[in-house]
Amino acid sequence: MMGLSLKMVLFVHVLVVLGFGINGVYGLLSSSTLRNIDNINMEGPYLGIIVPNSFEMNPLLQTGSFLEDHKMPYLDFAGRRFRIGRLENERVIIVMTGLSMLNAGIATQLLITLFKVKGILHYGIAGNANSQLQIGDVTIPQFWAHTGLWNWQRYGDGPEDELALESNGDYTREIGYLRFSDYYNGTNCNNSSDNLLNNVWYQPEEIFPINGVPEQRQHAFWVPVNKHYFAIAERVQGLRLAGCVNGTCLPRPPRVVRVQRGISSNIFVDNKAYREFLNSKFNATAIDMETAAIALVCHQQNMPFIAFRSLSDLAGGGSALSNEAASFATLAAQNAVDVLLRFISLLSS
């Protein structure tokens, strides 16, 4: 198969032949950007490091472990900065997504499309749906799901009634639903009253894998991380992590834990009832707003992927005054970075 570098050279040649010239533009890619991407890829392959926000990225950039490339430390494209360098003897490209599933998906697809990447590592902070774990723990879920794609059932219909467009294969009742009438304040003994909001049914994503038939959809709800990466992650579990911030220490030292499931959606969950539902229904631990989007893109592109999410708060629980994320986000972010670095060192060895 033709190497990416050679394909890029041929592509630039085609642009010149077609009359775009050396200073021409093809779509959003100028010839100078194409040359820079080609030069970067000649030094590859890279591990792609994807991080949600600047407060999560800064601890990584400020560590002595990150060495930026002296020839081309970064490339700016489509509103994003792709930082080139090395971590723990591995060539890496770091990109910040910004908040939400859409931003995470776009950044991931750009990274995989533009650069010669051999795997994707994602890290950040997350809400916690598992009361057996605590703030500062770093979770490594084996599966991720997007729980924000719903079919909202009309009032009067119930679990035995077919959903709109279900017969076409567009929607399903296989994953399960949330019944709003179960969550009145004062609902006791599993007795429910009617609620006009009725039920929402969780839906899988439509996906179009690169090894599938174009425009022929498949479906995915639980997306697995890479098996080899997950096996390596077992060796990270003994890592010692920070447990104090600004003189306040956690009840026990934080730990690294491989867990079964994490979930993502465009919802910041600071609600005890919904947190408990997500844990009981899906056995979810980490709750965030980006990881499932990254997992879904990697799954479709057949790209190895794993995520490390450090717990910054017990979603909707803990303090009655405020969400704990404001107090422990910096500690959680640093712990996630420490786990990332340890994983890369094990991966490269």
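K118 comes out as partly exposed, at 36% relative accessibility, and a salt bridge joins K118 to E90. That pair is a handy way into this structure, which is a predicted model. The protein chain has 349 residues, and buried residues make up 50% of them. Its secondary structure comes to eight helices and 20 strands. Of the contacts in the chain with a separation of 6 or more, 75% are between residues 24 or more positions apart.

**Salt bridges**

- A search of the whole structure turns up 13 salt bridges.
- In the bridge between K118 and E90, the closest N and O atoms are 3.0 Å apart. K118 belongs to strand β8 (residues 117–128) and E90 to strand β7 (residues 90–96), so this pair ties together parts that are 28 residues apart in sequence. While K118 is partly exposed, E90 counts as buried because its relative accessibility is 10%, and the cut-off for buried is under 20%.
- R217 and D170 also meet through their side chains in a salt bridge, at 2.8 Å from N to O. R217 sits in the loop between β13 (205–207) and β14 (218–220), and D170 in the loop between β10 (150–152) and β11 (177–179), so the bridge ties together parts 47 residues apart in sequence. Both partners are partly exposed, R217 at 30% and D170 at 28%.
- E43, K71 and R91 are linked in a network of salt bridges.

**Helix α6 and its ends**

- Helix α6 covers residues 272–282, and its buried residues are Y274, R275, F277, L278 and F282. Looking down the axis of α6, these buried residues fall within an arc of 160°, so they line one face of the helix.
- A salt bridge of 3.9 Å (N to O) brings together the side chains of E276 and K272. These two are four residues apart in α6, which means that about one helical turn separates them. E276 is partly exposed at 38%, and K272 is partly exposed at 45%.
- The N-terminal end of α6 is capped by N271, with a side-chain oxygen 3.1 Å from the backbone nitrogen of A273.
- After α6 comes N283, which has a positive phi, near 55°.

**A buried arginine, R80**

- R80 is in strand β6 (residues 80–87).
- Which side chain of opposite charge is nearest to R80? It is E290, 10 Å away; R80 is buried and has no salt bridge.
- R80 does have polar partners: its side chain reaches the backbone oxygen of T97 at 3.2 Å and makes a polar contact with the side chain of N103 at 3.1 Å.
- Leaving out residues up to four places away in sequence, R80 touches L75, V95, M96, T97, N103, I106, A107 and L110.

**V51 in strand β3**

- V51 lies in strand β3 (residues 46–51) and is buried, with 0% relative accessibility.
- Not counting neighbours within four places in sequence, V51 is in contact with E56, M57, I94, V95, M96, T97, H122 and Y123.
- V51 and L99 are 48 residues apart in sequence, and their C-alpha atoms are 9.9 Å apart in space.

**Cysteines**

- The structure holds one disulfide, which joins C244 to C249 with an S to S distance of 1.9 Å.
- The link of C244 and C249 is right-handed, with 105° about the S-S bond.
- C244 is partly exposed at 43%, as is C249 at 49%. C298, by contrast, is buried, with a relative accessible area of 1%.

Note on methods
Residues are numbered from 1 along each chain as its sequence is written. This is a predicted model: local features need pLDDT of at least 70, side-chain atom pairs count only at pLDDT 80 or more; totals for chains, interfaces and linings use all residues. Side-chain values use heavy atoms; hydrogens and water are left out. A disulfide is a pair of cysteine sulfur atoms within 2.5 Å. Buried means under 20% relative accessible area, exposed over 50%, partly exposed in between (1.4 Å probe, protein chains only). The arc is that of the directions from the helix axis to the C-beta atoms. A polar contact is a pair of N or O atoms within 3.5 Å; within protein, one must be able to donate a hydrogen and the other to accept it, and residues adjacent in sequence count only if both atoms are side-chain atoms. Lys and Arg count as positive and Asp and Glu as negative; His and the chain ends are not counted. A salt bridge is a side-chain nitrogen of Lys or Arg within 4 Å of a carboxyl oxygen of Asp or Glu. Contact means heavy atoms within 4.5 Å.
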